[in-house]
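Subject: Structure handover

Hi there,

Here is the structure I promised to pass on to you. Have a look at it first, and then read on for what turned up in it.

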Amino acid sequence: MSLRRLPARPRTAVAALSLVLLALVACGKGEGPRGSKEHPYRIAVIPKGQTHEFWRTIHAGANRAQRDLAAKGVHVELTWKGPLREDDREQQVQVVESFATQGMDGIVLAPLDDKALVRPVEEALRLKVPTVIFDSALASEQIVSFVATDNYKGGVLAADALGQAMNGKGRTLLLRYAEGSASTADRERGFLDRLKEKWPGLELVSSDQYAGATRDTAKRASENLLNRYANEVQGIFCVNESSTHGMLLALQDIGKAGKIAFIGFDPSQVFIDALTNGQMHGIVVQNPLNMGYLGVTKMVAHLQGKPVEPRIDTGVWMITKDNMAQPQSAELLHPPVEKYLN
């Protein structure tokens, strides 16, 4: 069977129609170079959860990066989405998978689990959607960069602050956060290693309990621990915002707040007030504003073909009542979150 050649006029019409379709596709993708107003970089930022002040500050940092880049003529369309609870691994996996198939230019992710998120991140890369990891490590080499606190050092700082508050002797306990969370596991390890290394007079009476994902689960875990050890311990360390908040509430309920040396992790106004009135003895603080900022700017640098460091340390500090009024401490305790979220 032979194929007939189209007459000249229909062939011209077909060619014209093809050009129209190509133009429509181009309009759908945006015209101009990537990073322009017409064709901005599309970047998804995926936190571990939505409820903690820490994640709001990360969000503010990402927005700040978007504004600063726009001032330099580099335009980014940011999408912020994560699981509501910090124990919903499956939802976070689904969010990553969804963004990868939507054709995002890049993903900036704080993985809830260092192993469960490996597959979706590596599948995203196969779809040419690279990932910057922030806050908590991922057990994969197929990432652009890891932007985070030195969490092990944070645990070391906590051990030293607790040892000093307890004058080097007494019984203490550690309330962990959740299994699979690399960032808090590093804090726990740093704390325990430092106790063994430098504070032999501190006896650890409990280190195997987990607070869970929310303030409420942390309060219940804290109440269980205090029911058993409240009259025996002189010191406590909690490794993240929700575990710290739950323990503080439980200590306040039984009138022990301020009577037991207490070191927490990540600031909130509640903790700042507790530090001021002596109900807490120290807060280990990160720089989540800078973490969110660098997560976005490093992804943009990678998309522009620039080299990016594989590991970026955003710093960690110990804030006490004695140094909380210092300029650096005040900036870390009161980042300009609303300025960048509104």
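Six strands make up an open sheet with parallel pairing, and their order is S2-S1-S3-S4-S5-S11. Strand S2 (76-80) and strand S11 (311-313) are at the edges with a single partner strand each, so one side of each has no neighbour in the sheet. From one strand to the next, the twist averages 20°. Please keep in mind as you browse that this is a predicted model.

To see one of the pairings in this sheet, go to strand S3 (residues 106-109) and strand S4 (residues 131-134), which run parallel and are joined by three bridges. There you will find Val108 opposite Val132 in S4. Helix H10 (residues 288-303) packs on this sheet and touches strand S1 (41-46), S2, S3, S4, strand S5 (145-148) and S11. The direction of H10 makes about 145° with that of S1.

There is also an open sheet of six strands with mixed pairing, in the order S7-S6-S8-S9-S10-S12. Which strands are at its edges? They are strand S7 (202-210) and strand S12 (317-319), and each pairs on one side only. Leaving direction aside, neighbouring strands of this sheet are turned by 20° against each other on average. As a reminder, strands of a sheet pair through backbone hydrogen bonds, either parallel or antiparallel.

Within this mixed sheet, strand S9 (residues 261-265) and strand S10 (residues 282-285) run parallel, with three bridges between them. Gly264 stands opposite Ile283 in S10. Two helices are worth finding here. Helix H7 (residues 215-229) lies across strand S6 (170-176), S7 and strand S8 (235-238), and H7 runs at about 155° to S6. Helix H8 (residues 241-253) lies across S6, S8 and S9, at about 150° to S9.

Next, the spaces in the model. The structure holds one cavity of 30 Å³ or more, and about 110 Å³ of space lies in the largest cavity. Its lining has 15 residues, with Trp55, Glu86, Arg187, Asn240 and Asp266 nearest the centre. Helix H2 (53-71) and helix H6 (182-198) each supply at least two residues of that lining, and the largest share, three residues, comes from H6. What is the lining made of? By class, the residues divide into three nonpolar, six polar and six charged.

The largest pocket has a volume of about 430 Å³. It is lined by 25 residues, and those closest to its centre are Glu331, Leu332, Leu333, His334 and Pro335. Two or more lining residues come from each of H2, helix H9 (269-276), H10, helix H11 (327-333) and helix H12 (337-341). H2 therefore gives residues to the lining of the largest pocket as well as to that of the largest cavity. The pocket lining holds 11 nonpolar, eight polar and six charged residues.

Finally, a word on confidence. The protein chain averages a pLDDT of 92, and 91% of the residues score at least 70. Over residues 1-30, however, the pLDDT is below 50, and this stretch has six contacts in the model beyond near neighbours in sequence. Where pLDDT is low, the predicted coordinates should not be read in detail.

Enjoy exploring, and do write back with any questions.

Best wishes

Key: Residues are numbered from 1 along each chain as its sequence is written. This is a predicted model: local features need pLDDT of at least 70, side-chain atom pairs count only at pLDDT 80 or more; totals for chains, interfaces and linings use all residues. Side-chain values use heavy atoms; hydrogens and water are left out. On a 1 Å grid over the protein atoms alone, a cavity is a set of points where a 1.4 Å probe fits but cannot get out, and a pocket is an open set with protein on both sides within 12 Å along at least five of seven lines; lining residues have an atom within 4 Å of a point. Grid points are joined across faces, edges and corners, and a volume is the space filled by probe spheres set on the points. Helices (H or I, at least four residues) and strands (E, at least two) are DSSP runs, numbered from the N terminus. Ala, Val, Leu, Ile, Met, Phe, Trp, Tyr, Cys and Pro count as nonpolar, Asp, Glu, Lys and Arg as charged, and the others, Gly among them, as polar. Two strands pair if DSSP finds at least two bridges between them. Axes are lines fitted to C-alpha atoms, for helices over the stretch in contact, and angles run from 0 to 180 degrees between N-to-C directions. Contact means heavy atoms within 4.5 Å. pLDDT is the predictor's confidence in each residue, from 0 to 100.
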